[in-house]
Amino acid sequence: MSNVKTEFVYSKKLTIKKEYDVIVCGGGLAGVAAAVTSAKNGHSTLLLEKSNILGGLGTLGLINLFVPMCNGRGKQIIFGLAEKWLRLSAKQGFDTIPPEWKDGEPKTYTEKRYIQRFSPSIFAYQLTEEVTRAGVDLLFDCIACDPVMNGKVCRGVITESKGGTEFYGCKTLIDTTGDCDVIRRGGVPYVSGENFFSFYNKMITLDSCKEAVEKQNVRFACVGMAGGTINLFGDNQPQDIPKWSGLSAEDVSDYIIRNHLLVLERLKKTERTSRDIVATPGMPQFRTTAHLKADYSLKISDAYRHFDDSICAINDFEHRDHLFEVPLRCLVRSDYPNIITAGRSADGTGYGWDLIRVIPPAILTGQAAGEVASLSIKTNCAVSKVDISTLQRNLENENVMIHFPDEYVPEDKTVIIHGKNAAEIDGGHF
Ligand SMILES: Cc1cc2nc3c(=O)[nH]c(=O)nc-3n(C[C@H](O)[C@H](O)[C@H](O)COP(=O)(O)OP(=O)(O)OC[C@H]3O[C@@H](n4cnc5c(N)ncnc54)[C@H](O)[C@@H]3O)c2cc1C
């Protein structure tokens, strides 16, 4: 019989490194938006990022595309920080803003959609500039681990970094890890998802370099090079390849190993001096790992519905016309007074989760989370109880569209997503 114990208690005495008004865990686009907004409102704010660059999937994960921010009929829906950062991303690096949208909303009808592909690294550096300018304390290479909970109130977060295990206290915690990493450990209810076989690198080839030189635009130097190529609907996911949760080291590693080996096999079939992989994703390209089980879950049947507690209007990025509003309740739970989420871990069901998690809405929900944290601290109330009209006014002052205009609603309000109607989709993921 083995004498090895299968369970043991591990304890450690920690000192409080520093106290903040707001701690934001995860420096993806949602987290950066939340941190910048909180700091601009005058709150001491700490942003913890486990990698070495800001922007999360949008930069480190090489997902460098703002999906459409309009209704597909020439009307812009998504504004606020998402609009500001789309424009920022086009300032120092290449851009793909369609000519119709170059100077803002087009004067005439167009079905051309408002998108932008950007340089991931340059945009990441611009985010560092935004964060430092706003006065946020930024810690790179620092993992937010366990939240310290007093019942359902979060007192702060334990971190792991070169400095060892440390504790930072806060009044409000925003979990923008994309995977609910921190709040899951605090026992906050969450819903896990599944992830398909998707893996995209950036490659240069002799031909792509030639094209860039001919067009005098470096954007053409990089081309996509995929491992798994499965889209967000999971079409053609191979039967013999698992769908990953993304919530354990084994699961994440299996996904990475399979994709590295597949890419290498493909490369072996090409001439070694004709191409190079110039960027590989620095984090798993998982779309839907875990979201907060919040007070409300956004559904496809919510299309064209106004919410009294809307924090932003958003549009469907795949299909024309479809409009939604995101209620504050998708980011909070009324039983957890000082915890908020945003971005990929805001609550949506099925395709509703896809709508709320992509880059422009992730920025807007992050911005709203920063405003909510600020308002709850200023008015000494729970995050779910902040005064909605003050919150909406503050967001509108930052150019966020809270309610979509009714004149944008089409006569036929049937919503079909990828060939399915709301009743079929709202039951779960595709
Ligand atoms: C394959 C794929 C294709 C996509 N295509 C598009 C597209 O074309 N356009 C589009 O708009 N969207 C697209 N998306 C979605 C979009 O990229 C993300 O949903 C969005 O960027 C999410 O932002 P986020 O800030 O919520 O989370 P994330 O980008 O996941 O950011 C989370 C951040 O938290 C950090 N972090 C995680 N855990 C910790 C921890 N414990 N401590 C400290 N830091 C931590 C991470 O390093 C990361 O920086 C795609 C996603 C995938 C996977």
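Is helix H1 mostly covered or mostly uncovered? It's mostly covered, with eleven of its twelve residues buried. Keep in mind that you're looking at a predicted model. The chain holds ten helices and 18 strands, and H1 is a handy place to start, since the largest share of the shell around the ligand, three residues, comes from this helix.

**The overall picture**

- The chain is 430 residues long, and a compact globule with that many residues would have a radius of gyration near 22 Å; the chain's own value is 22 Å, so the two agree.
- If you lay the C-alpha trace along its principal axes, it spans about 65 × 60 × 45 Å.
- Buried residues make up 47% of the 430 in the chain.
- Take the contacts between residues at least 6 apart in sequence: 74% of them join residues at least 24 apart.
- The domain assignment splits out domain 1 (16–191) and domain 2 (198–279), and the C-alpha centres of these two lie 25 Å apart.

**Around the ligand**

- The shell around the ligand has 36 residues, and Gly26, Gly28, Gly56, Gly178 and Gly343 come nearest.
- Helix H1 (29–40), strand S3 (65–66), strand S6 (143–150) and helix H8 (359–378) are the elements that each give two or more residues to this shell.
- By type, the shell residues divide into 17 nonpolar, 13 polar and six charged.

**Helix H1 up close**

- At 1.5 Å a residue, the twelve residues of H1 should span 16 Å, and the C-alpha atoms at its ends are indeed 16 Å apart.
- The buried residues run from Leu29 through Ala30, Gly31, Val32, Ala33, Ala34, Ala35, Val36, Thr37 and Ser38 to Ala39.
- What do the buried residues of H1 pack against? Their partners are strand S1 (16–25), strand S2 (45–48), helix H2 (80–89), helix H3 (120–134), strand S8 (164–175) and H8.
- Just after H1 comes Gly42, which takes a positive phi of about 90 degrees.

**Helix H2, one of H1's packing partners**

- Seven of the ten residues of H2 are buried, so this helix is largely enclosed by the rest of the structure.
- The buried ones in H2 are Gly80, Leu81, Ala82, Glu83, Trp85, Leu86 and Ser89.

**Thr365, a residue to look up in H8**

- You'll find Thr365 in helix H8.
- Why does Thr365 count as buried? Thr365 has 33 C-beta neighbours inside 10 Å, and 20 or more is enough for a residue to be called buried.
- Leaving aside neighbours within four places in sequence, Thr365 is in contact with Ala30, Val326, Leu331, Ala342, Gly343, Ala346 and Ile356. Two of those names have come up already: Ala30 is one of the buried residues of H1, and Gly343 is among the residues that come nearest the ligand.
- Thr365 and Val22 are 343 residues apart in sequence, while their C-alpha atoms are 16 Å apart in space.

**Pro410, out in a loop**

- Pro410 sits in the loop between helix H9 (388–397) and strand S17 (416–417).
- With 13 C-beta neighbours inside 10 Å, Pro410 counts as partly exposed.
- Pro410 and His322 are 88 residues apart in sequence and 8.6 Å apart in space, going C-alpha to C-alpha.

Technical notes:
Residues are numbered from 1 along each chain as its sequence is written. This is a predicted model: local features need pLDDT of at least 70, side-chain atom pairs count only at pLDDT 80 or more; totals for chains, interfaces and linings use all residues. Domain bounds come from an automatic or database domain assignment. A residue is near a molecule or strand if its C-beta atom, placed from the backbone, lies within 6 Å of it. Helices (H or I, at least four residues) and strands (E, at least two) are DSSP runs, numbered from the N terminus. Ala, Val, Leu, Ile, Met, Phe, Trp, Tyr, Cys and Pro count as nonpolar, Asp, Glu, Lys and Arg as charged, and the others, Gly among them, as polar. The expected span of a helix is 1.5 Å times one less than its number of residues. Two residues are in contact if their C-beta atoms, placed from the backbone, lie within 7 Å. The radius of gyration is taken over C-alpha atoms; the globule rule is 2.2 Å times the number of residues to the power 0.38.
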